[in-house]
Structures are given as C-alpha cells and as structure tokens.
Amino acid sequence: GYLRDAVSLLGQILALGEKEITEEQALLFMPRSDLDLISRLLLFLFKAQATGALKLVNKLVEEGGDLEFFTRQMIEYLRRLLLAKVTDNWQELLWDFSADNLKSLQTEVSRQPVNILTEILELFLVALPALKKSQISQLPLELAIVKIVQLTKGSSEPRADFIEETKSVKIKASQEPSPVVKVKEVNQADQTVKQTVLDSKV
C-alpha cells in the first residue's frame, strides 16, 4: 500500500515536466505528516471526547488534508502505542512524539485495557478502505470515532453489575446488627441467666 502510494506521488511530481524539481514543488504533492494532530485526536478518543475529535477531523477536511494518509498514520501509531503498552517500552516513540505529548498519551493508554486498544485499531482498519468509497469523504472516520468514544467511555465507567453488587453488599451490611449491639445483647442475656440462677437458689 505504501509503495503504491509512493509510486503514485512520484508520477504526479514527474508529470510537471520540469528537468529539475524543487523541494517546494515536491511538497505540493506530498501528504503532510502531522503528529501533533494525531496525538490530539488520540487524546480526544482516549478521553471519550467525541466533539473535539469530530471537529478536528472536519477541520482537517476543510484545510484539504488527505484523510486516507492521515488514517494510515493513525493506524501505525496506534499499533506502536499498543505494542509499547504490552512490552512496557515507550522509548522508541520519543523519536516521533514530543516528551509532553508522549507522557499524556502514555497516561491515557495505560488506563485502557488491551482489548479496547485492539478494538480501536480494528475500527480504524475498517474505516481506511471505506474512505475511498464514501460519498461523504470523512463519514467512515466519523463513524469510527463515534464507536471508539463509546468504547473508551464504557471502559472508564464502573460496570453496572459491579455497582449493583456493591449496593447489595452495603444494604445487607446495613441490615445486620452492629458489633456493639451484639455485645449488649450477649451481656443482657448473661445477666438474665445469672438472675435466673440466683432466683432458683432462693
């Protein structure tokens, strides 16, 4: 896929028909690599902030960004973040992300279970080929974002069954007599027995 894209870009540049191609001319055809945008989008997703993520994608479209290239980059860095979490090796990512961005990403990735990260990666893998077929260019990416936010939002909230279980334990505990009450009852029973014994002697 990457080789095909490179050949296609080279063909567009050579189509200029110039004997010498300047760097400025070549950059007109080269998709931009914006790791800052990628890190911001990832942070929006991990924090379950759908509005920020959707605005970022739509701004990218308005500025003429290449959504397919951007999504490929997103997949690559998600893959590397997943591997960094599993292997606990974050050093290689310092070559790409700033120390501050990587620290924020590491914090958020650490909060996400591995299965959630793999599902996020799979959703972007599904969105990538759909970008070419969609009549609305950003729609596949938007759908992926909405689904991902539901995943990350769910992973950061307490499970409903755990909440109910906790409530039932608290209710049960509140219905049981306190240790102090039990001690008083034992003492009273003990006094009653002693008085009964004394009365029987009399």
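The following paragraphs lead through the structure, from the whole chain to single residues.

This is a predicted model, and its protein chain has ten helices and zero strands, so that, read along the sequence, the pattern is α-α-α-α-α-α-α-α-α-α. Of the 202 residues of the chain, 27% count as buried. Among the contacts between residues at least 6 apart in sequence, 69% join residues at least 24 apart. The accessible surface of the protein chain comes to about 13800 Å², and carbon and sulfur atoms account for 57% of that surface.

Helix 5 is a good place to begin a closer reading. It runs over residues 67-87, and at 1.5 Å a residue its 21 residues should span 30 Å, which agrees with the 30 Å that separates its end C-alpha atoms. At the start of this helix, a side-chain oxygen of Asp66 reaches to within 3.1 Å of the backbone nitrogen of Glu68. The buried residues of helix 5 include the nonpolar-patch-type side chains Leu67, Phe70, Met74, Ile75, Tyr77, Leu78, Leu81 and Leu82, but Thr71, Arg72 and Gln73 are also buried. The burial of Arg72 can be stated as a number, since its relative accessibility is 12% and a residue counts as buried under 20%.

Arg72 also takes part in one of the four salt bridges that the structure holds. Its partner is Glu68, with the closest N and O atoms 3.3 Å apart, and both residues lie in helix 5, four residues apart, which is about one turn of the helix. An α-helix has 3.6 residues a turn, so residues three or four places apart point the same way. Glu68 forms a salt bridge with Lys132 as well, where the closest N and O atoms are 3.6 Å apart. Because Lys132 lies in helix 7 and Glu68 in helix 5, this pair ties together parts that are 64 residues apart in sequence. In contrast to the buried Arg72, Lys132 is exposed, with a relative accessible area of 54%.

A further salt bridge within helix 5 is made by the side chains of Arg79 and Glu76, at 3.2 Å from N to O. These two residues are three places apart, again about one turn of the helix. Arg79 counts as partly exposed at 39% relative accessibility, and Glu76 likewise counts as partly exposed, at 29%. Salt bridges that share partners join Glu68, Arg72 and Lys132 into one network.

Helix 7, which holds Lys132, covers residues 114-133. Its 20 residues should span 28 Å at 1.5 Å a residue, and its end C-alpha atoms are 30 Å apart, which agrees. The buried residues in this helix are Ile116, Leu117, Ile120, Leu121, Phe124, Ala127, Leu128 and Leu131. One of them, Ile116, can be related to helix 8, where Gly154 is found: the two residues are 38 apart in sequence, and their C-alpha atoms are 9.8 Å apart in space. Gly154 itself counts as partly exposed, at 42% relative accessibility.

The loop between helix 7 and helix 8 contains Ile136, which counts as partly exposed at 46% relative accessibility. Together with Leu139 and Leu143, Ile136 makes a nonpolar surface patch of about 250 Å².

A polar residue in a buried position is found earlier in the chain, in helix 3 (residues 35-46), which holds Ser39. Ser39 is buried, with a relative accessible area of 1%. Its side chain reaches the backbone oxygen of Asp36 at 2.9 Å. When residues up to four places away in sequence are not counted, Ser39 touches Phe97, Asn101 and Leu105.

Two loop residues deserve a look for their backbone angles. Most residues other than glycine have a negative phi. Ala48, in the loop between helix 3 and helix 4, has instead a positive phi, near 60°, and is partly exposed, with a relative accessible area of 22%. Asp88, whose phi is also positive and near 60°, follows helix 5 and lies in the loop between helix 5 and helix 6. At 60% relative accessibility, Asp88 counts as exposed.

Terms used
Residues are numbered from 1 along each chain as its sequence is written. This is a predicted model: local features need pLDDT of at least 70, side-chain atom pairs count only at pLDDT 80 or more; totals for chains, interfaces and linings use all residues. Side-chain values use heavy atoms; hydrogens and water are left out. The expected span of a helix is 1.5 Å times one less than its number of residues. Buried means under 20% relative accessible area, exposed over 50%, partly exposed in between (1.4 Å probe, protein chains only). A polar contact is a pair of N or O atoms within 3.5 Å; within protein, one must be able to donate a hydrogen and the other to accept it, and residues adjacent in sequence count only if both atoms are side-chain atoms. Contact means heavy atoms within 4.5 Å. Patches are made of residues with over 30% relative accessible area and no salt bridge: like charges are joined within 9 Å, nonpolar side chains (Val, Leu, Ile, Met, Phe, Trp, Tyr) within 5 Å. Accessible areas come from the Shrake-Rupley method with a 1.4 Å probe; for residues, only the protein chains shown count as cover.
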